[in-house]
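Biologist: I am new to this one. Please choose a single part and take me through it closely, starting with how far I can trust the coordinates.

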Amino acid sequence: MDFESSLPDGRALLIRPIRPSDKELLKQGLERLSPESRYRRFFHQIDHLSDSDLRYLTEVDGENHVAYLVLLADTGEGVGVARWVRLPDERDVAEGAVTVLDEFQNMGVGKTLLYVLAREAIERNVRAFRAWVVGENAPMLAVLRGFGARQGPWEHGTAELTLPLPPTIEELEETATPLVLKLVARGELDGKAHPDRPQATMLTQ
């Protein structure tokens, strides 16, 4: 399922499932990430993605491993990627990850992607996301805590967080942030990275 949104400057975004043909986009995206953002995503410094990494990241089954790309709609330029992978020993829990290119951070893209991930997870009977976040990644910690993530143990400077998901998409869309977005869509509030008007349901950062 594809989604549409926009940046604060009005540029349109397309959010779509990842494809095996997106390997080059991921390679280009890694090159554009700052060393700090690479460390926050991979927990160590990385300068390239191997062929096996690219196969794993793009050849997903859509049931136990779901991934989405966000692109500038007019150019196809990559903006970010998000995914969840079901845990083998907890079938109703999935590890979630969101990465946004540095120049597009703090524009609402991360929260929008988190909403898309949550919607896709609920449809597949995933009841919670689990994430491991380096302590220095204050923006992502704030996003997850703002959505109600439960703090788990800290280990080697990394926090474990578990984010319970509503049981239905209808309940997801009635949570506080989508309701604020509906006011944005009607022009009653200012907002960032809102989905297409007039029916706004995605989350913003």
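Modeller: Start with confidence, given as pLDDT (the predictor's confidence in each residue, from 0 to 100). In this chain, the mean is lowest in helix 7 (residues 176–185), at 42. It is highest in strand 3 (residues 65–72), at 96. Helices (H or I, at least four residues) and strands (E, at least two) are DSSP runs, numbered from the N terminus. The model is predicted, so local features need pLDDT of at least 70, side-chain atom pairs count only at pLDDT 80 or more, and totals for chains, interfaces and linings use all residues. Residues are numbered from 1 along each chain as its sequence is written, and side-chain values use heavy atoms, with hydrogens and water left out.

The chain averages a pLDDT of 78, and 80% of the residues score at least 70. Over residues 178–205, pLDDT stays under 50. Where pLDDT is low, the predicted coordinates should not be read in detail.

My choice is strand 8, residues 158–164. Five of its seven residues are buried. Buried means under 20% relative accessible area; exposed is over 50%, and partly exposed lies in between (1.4 Å probe, protein chains only).

Now its partners. Two strands pair if DSSP finds at least two bridges between them. Strand 6 (residues 128–134) pairs with strand 8 in the antiparallel sense, over seven bridges. Here Ala131 has Leu161 of strand 8 as its bridge partner. Strand 7 (residues 150–155) also runs antiparallel to strand 8, joined by four bridges. Trp154 is matched with Ala159 of strand 8. Strands 7 and 8 form a hairpin, with two residues between them. In that turn, His156 has a positive phi of about 55°.

Next, look at Leu144. Contact means heavy atoms within 4.5 Å. Beyond its neighbours within four places in sequence, Leu144 is in contact with Leu161 and Leu163, and also with Leu114, Ala131, Val133 and Ala149.

Leu144 also belongs to the largest nonpolar core, which has 50 residues. Such a core is a set of buried Ala, Val, Leu, Ile, Met, Phe, Trp, Tyr and Cys residues joined through side-chain atoms within 4.5 Å. Leu144 is among the members that touch the most others, along with Leu26, Trp84, Val109, Leu113 and Phe129. Helix 4 (residues 109–123) gives the most to this core: nine residues. In soluble globular proteins, nonpolar side chains tend to be buried together.

Finish further along the chain, at Leu172 in helix 6 (residues 169–173). Leu172 counts as buried because its relative accessibility is 6%. Its C-alpha atom is 8.9 Å from that of Ile122, although the two are 50 residues apart along the chain.
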